[in-house]
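Student: I would like to go through the ligand site and the pockets of this model, and ask how each label is justified.
Tutor: Go ahead; each label will be set against its definition.

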Amino acid sequence: MGHRKLEPGKLVVASHNKGKIREINELLAPYGFDVVSAGELNLPEPEETGTTFEANAALKAVAAAEGSGLPSLADDSGFCVAALGGDPGIYSARWAGPDKDFAMAMRTIEEKLQTGFSSGAEQNRRGSFVAVLCLAWPDGHQEYFRGEVEGDVVWPPRGTEGFGYDPMFQPDGHDRTFGEMSPEEKHGLSDDREPLSHRARAFTLFAEGCLKG
Ligand code: IMP
């Protein structure tokens, strides 16, 4: 309702993150776009200077749409730990450092939680993943879709599937972490089930808003 439709054709995925590009391609597969990534087009990776997921998604999508002259889709996402005031949040990639060391980033989260608990903070291990999609057209029009999934922050991390913080997140209603789930289970898009992952939830809204009908 009120969303601009995206016509079939070339679509730029405005990301340089291999894990995310793979997931976005999986989620776009049913819709028959000719998908090309920002990296393949040699588009520069803009600095994520925004202070919200929406602002950072827009920075990436708008830069790619301007640079390519094609509609461009960006995802800004992150892991939000309630007891850490929502950190690492929009800084999720940065907490892993230049070497993208997520084992270290997960340890940092656990250490900060333990420091809080040992100084008397409530034993709150709740967390969520958030994904905001921005679809930008070369004429400047933008559409936004937000998906979230709530669950527990577990320690030690479990599983080797997925990427990033997946091994330390167990979504509500499941007894395995995202790191222990196949991509199909993590997205949870099959049959009549609700989508599960934040990215699949944002994608479902995107598909309903811009792709169908
Ligand atoms: P972005 O490229 O700024 O959106 O960074 C998002 C970061 O959040 C990624 O590098 C991961 O660290 C984390 N993240 C986002 N989505 C997921 C996910 O589905 N699983 C695990 N980590 C994620």
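Student: What makes the pair between S77 and the ligand a polar contact?
Tutor: A polar contact is a pair of N or O atoms within 3.5 Å. A backbone N or O atom of S77 lies 2.9 Å from an oxygen atom of the ligand, so the pair meets the cut-off. The model is predicted, so local features need pLDDT of at least 70 and side-chain atom pairs count only at pLDDT 80 or more, while totals for chains, interfaces and linings use all residues. Residues are numbered from 1 along each chain as its sequence is written, and side-chain values use heavy atoms, with hydrogens and water left out.

Student: Which side chains have such contacts with the ligand?
Tutor: Among them is D166, with a polar side-chain atom 2.6 Å from a nitrogen atom of the ligand. Another is H198, where a side-chain N or O atom is 3.2 Å from an oxygen atom of the ligand.

Student: How much of the ligand does the protein cover?
Tutor: On its own the ligand has 480 Å² of accessible area, and the protein covers 96% of that. The areas come from the Shrake-Rupley method with a 1.4 Å probe.

Student: What makes a residue part of the shell around the ligand?
Tutor: A residue is near a molecule if one of its heavy atoms lies within 4 Å of it. There are 19 residues around the ligand, and K20, F102, D166, K186 and R199 come nearest. By class, the shell has 5 nonpolar, 6 polar and 8 charged residues. Here Ala, Val, Leu, Ile, Met, Phe, Trp, Tyr, Cys and Pro count as nonpolar, Asp, Glu, Lys and Arg as charged, and the others, Gly among them, as polar. The largest share of the shell, 4 residues, comes from β3.

Student: Why is β3 called a strand?
Tutor: Strands are DSSP runs of E with at least two residues, and helices are runs of H or I with at least four, numbered from the N terminus.

Student: How do you know which pocket the ligand is in?
Tutor: A molecule sits in a pocket if more than half of its atoms lie within 2 Å of the grid points. The space taken by the ligand is the largest pocket. A pocket is an open set of points on a 1 Å grid over the protein atoms alone, where a 1.4 Å probe fits, with protein on both sides within 12 Å along at least five of seven lines; lining residues have an atom within 4 Å of a point.

Student: What is the volume of the largest pocket, and what lines it?
Tutor: The largest pocket holds about 920 Å³ of space. It is lined by 38 residues, of which N17, K20, E45, E48 and A93 are the closest to its centre. The volume is the space filled by probe spheres set on the points, which are joined across faces, edges and corners. The lining has 16 nonpolar, 10 polar and 12 charged residues.

Student: What is the volume of the second largest pocket, and which element gives the most to its lining?
Tutor: The volume is about 290 Å³. Its 15 lining residues include E26, L27, P30, H187 and L189, the closest to its centre. α5 gives the most, with 5 residues.

Student: Why is the bond from D87 to P88 called cis?
Tutor: Omega is near 0 degrees in that peptide bond. P88 is found in the loop between β3 and α3 (102-118). The peptide bond from W155 to P156 is also cis, with omega near 0 degrees.

Key: A polar contact is a pair of N or O atoms within 3.5 Å; within protein, one must be able to donate a hydrogen and the other to accept it, and residues adjacent in sequence count only if both atoms are side-chain atoms.
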